[in-house]
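Hi,

Here is the structure I promised to pass on. Have a look at it first, and my notes on what turned up follow below.

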Amino acid sequence: MDNAFIESFLSSFDDSCFPEDFLKAYEPMECLSYNQMGETLLVRDRKTGQYFAAKCYTDQSLVSRTTESELLKDLHHDGLPAFIGEYQKGGSLYVVREYAEGLPLDQFARENPLSVSQVISIIVQLCDILSYLHGHTPPIIHRDIKPQNIIIDNNGKIKLIDFGISRVFDKEAKADTVFFGTQEFSPPEQYGFSQTDCRSDIFSLGVVLCWLLTGETNKDIAAGRIQNRQLARIVRRCTAFAPKDRYADAGTVKKVLMRAHPQVQKRNCIISAATGAAVLAFCIAGGIWLHNYNSREIFTEDHIPAFITSEDLILESVLYLNEKYDTDLFSDGRDAANMGYVRQLLFKVFGYSEEYAYAMPPDDPPYPHENENNFFPWGLPEDESVVKEIMAYTAVKIFWPEVVADWSSLKDDNGYYPGVRVAMDFCRKHNILKGINRPDHLTFGDVAVILANADKEKEAMK
Amino acid sequence: MAQQNGKNTGTSTLLRRLFKAPDLERFLEGNSTEMEIPLFHNYITELCRTMGQVPERVIKMASIERTYGHQLFNGTRKPSRDKVIQLAFGFGLSVDEAQKLLKVAQKSLLYPKIKRDAVILYCLNNQKSIIETQSVLETLGLTLIGGEEKNG
């Protein structure tokens, strides 16, 4: 290529608007979006080749008093982009943050029809992020929650981006002075009716939920289209005109959302039917008081007996695993699981061959124990209940097979197989048995919690 | 810009209809087909037809690996932004046509404030080939087209 052509190009191009140290560190690659406040660029670290997002504010007078970089610096959450650095030139500010790999939720949802459980999983993650933001002192309000600002990756994990119009809640302020946000997703108070607070984000979350369920942002038009009545109620309450009529916090929205999950509703139907039949029988016997006894709140939320795993933790784990492995085999059932169920998970969910999952050692000792033909080195019958140690071994062998590979074929002096001891040590060290207080007779829900803990830990190690 | 197919309505016709329409809803209802973004592989196949080209040649001119290129044309693969830019060179598109191609692929448009994009725009405007464009990018120390995948 002749130099004249390049010189002619260079004479017509000017990138002096960018700070020099910014250009020295990063090569701008593409413009991801732009609006009246500035541009978001995809930039490439010149040294490492890693990609980041750089938000360029060309008019700082429009930026919240507490800027995006100030907010991001203090935030450390999986669902939020990490702050990398900031650069200034003249009146312009460049905030570099982690680049969230994936697709904006609006595009993702258009290309991949979402099931109700997938929608719930997305909104539950959003609730977790909002609980984190709102839990700050003073609370951080995002103020622009919409599908375009939610990036979803191939594993269904979301990241909330764009803190350009976020603000810190100011108790003294009466109303927001400048309107920002996206009309369809913004609450009435963002138009100046009153000051925005955490419930403004709850409103937007409700509109996103409504849009994911129906493709419609107008809750009145969408009302008849949401078949799940509980979800319809959640949308209605999140998007109430007056902030006082909305859910007070994202944690509560998460709780009610989990109860609206199709699996939970199915379970509740069975429980209700069984309870109804029992009540009828008692009534016939004249034992009316038994009805009251039967339907009382046995345990309040804050009083979970030591041996019961938290219902929220179970639901969260079940949703996480069913979404991730695209299955409905994980269950929040309170009945005791057995080894037959664990083996089913091995070959139906985790891809082991049926022969490997079911192989039993020979009847007579010495057992061959761990080898390429079996998952469990012991003769564990199908109907045997699941003990914590075996579940720890299972989880470690699925996610970190190298940890138990060399240990499982030997029996130590205590009668334990070292593989189990090694697995238990590993699980304790990595919090994989977190929330499991029951030593044996683990329920379906307990199994899900252990495997979800292990799966998340494995993801975190990557 | 080459029409997507014979039945397509031009932008000016759509604008005329919009100004004459009694209300926006009725306009949107009546013209929804024309306003939808076509599927990328359908669009480039149609582009080949209207420009009298064959995919084989476009893929070659775009310096895209042959199998990969055909997968883009039959819709089994989705292109990255750089692959779309390569195709724009393969087709010999103008700046406006290249921007339309990026839009159909739902990728960020070329942005003149970004030096790398500005080089690409300048080269498209001057009917340079993909190889000539890569040479300019290399001389200026910029990332080559198709050179890097995002975060590994």
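**Strand 3 and its neighbours**

In strand 3 of chain A, A:Tyr51, A:Ala53, A:Lys55 and A:Tyr57 point one way, while A:Phe52, A:Ala54 and A:Cys56 point the other way, and all are buried. Bear in mind that this is a predicted model. The strand covers residues 51-57 and is mostly covered, with seven of its seven residues buried.

Strand 3 of chain A has partners to look at. Strand 2 of chain A (residues 38-45) pairs with strand 3 in the antiparallel sense, over seven bridges. One place to find this pairing is A:Glu39, whose bridge partner in strand 3 is A:Cys56. The hairpin of these two strands has five residues between them, and A:Gly49 takes a positive phi near 80° there. Strand 5 of chain A (residues 92-98) also pairs with strand 3 in the antiparallel sense, over six bridges. Here A:Ala53 has A:Arg97 as its bridge partner.

**Backbone oddities**

There is a cis peptide bond between A:Thr137 and A:Pro138, with omega about -10°. You'll find A:Pro138 in the loop between helix 5 (116-134) and strand 7 (140-141) of chain A.

Two residues other than glycine have a positive phi. A:Asp326 has phi near 50° and sits in the loop between helix 12 (311-324) and helix 13 (339-348) of chain A. A:Asp326 is exposed, at 70% relative accessible area. Over in chain B, B:Ser63 has a phi of about 55°, in the loop between helix 5 (55-61) and helix 6 (66-74). B:Ser63 is partly exposed, at 42%.

**Salt bridges**

Over all chains, the structure holds 19 salt bridges. One of them joins A:Arg44 and A:Glu27, with the closest N and O atoms 3.8 Å apart. A:Arg44 lies in strand 2 of chain A and A:Glu27 in strand 1 (residues 26-35), so this pair ties together parts 17 residues apart in sequence. Both A:Arg44 and A:Glu27 are buried.

A:Asp78 and A:Lys157 also meet in a salt bridge (3.2 Å, N to O). Each lies in a loop of chain A, so the pair ties together parts that are 79 residues apart in sequence. A:Asp78 is exposed, at 56% relative accessible area, whereas A:Lys157 is partly exposed, at 38%.

Then there is A:Lys254 with A:Glu316, where the closest N and O atoms are 3.0 Å apart. A:Lys254 is in helix 9 and A:Glu316 in helix 12 of chain A, 62 residues apart. A:Lys254 counts as buried at 14% relative accessibility, and A:Glu316 as partly exposed at 25%. Salt bridges with shared partners join A:Asp128, A:Lys254, A:Glu316 and A:Lys456 into one network.

Cheers

Notes. Residues numbered from 1 in each chain as written. Chains lettered and ligands numbered in written order. Predicted model: local features only at pLDDT ≥ 70, side-chain atom pairs only at ≥ 80, totals over all residues. Heavy atoms only, no water. Buried < 20%, exposed > 50% of the residue type's maximum accessible area, 1.4 Å probe, protein only. Helix = DSSP H or I, 4+ residues; strand = E, 2+ residues; numbered from the N terminus. Pairing = 2+ DSSP bridges. Salt bridge = Lys/Arg side-chain N within 4 Å of Asp/Glu carboxyl O.
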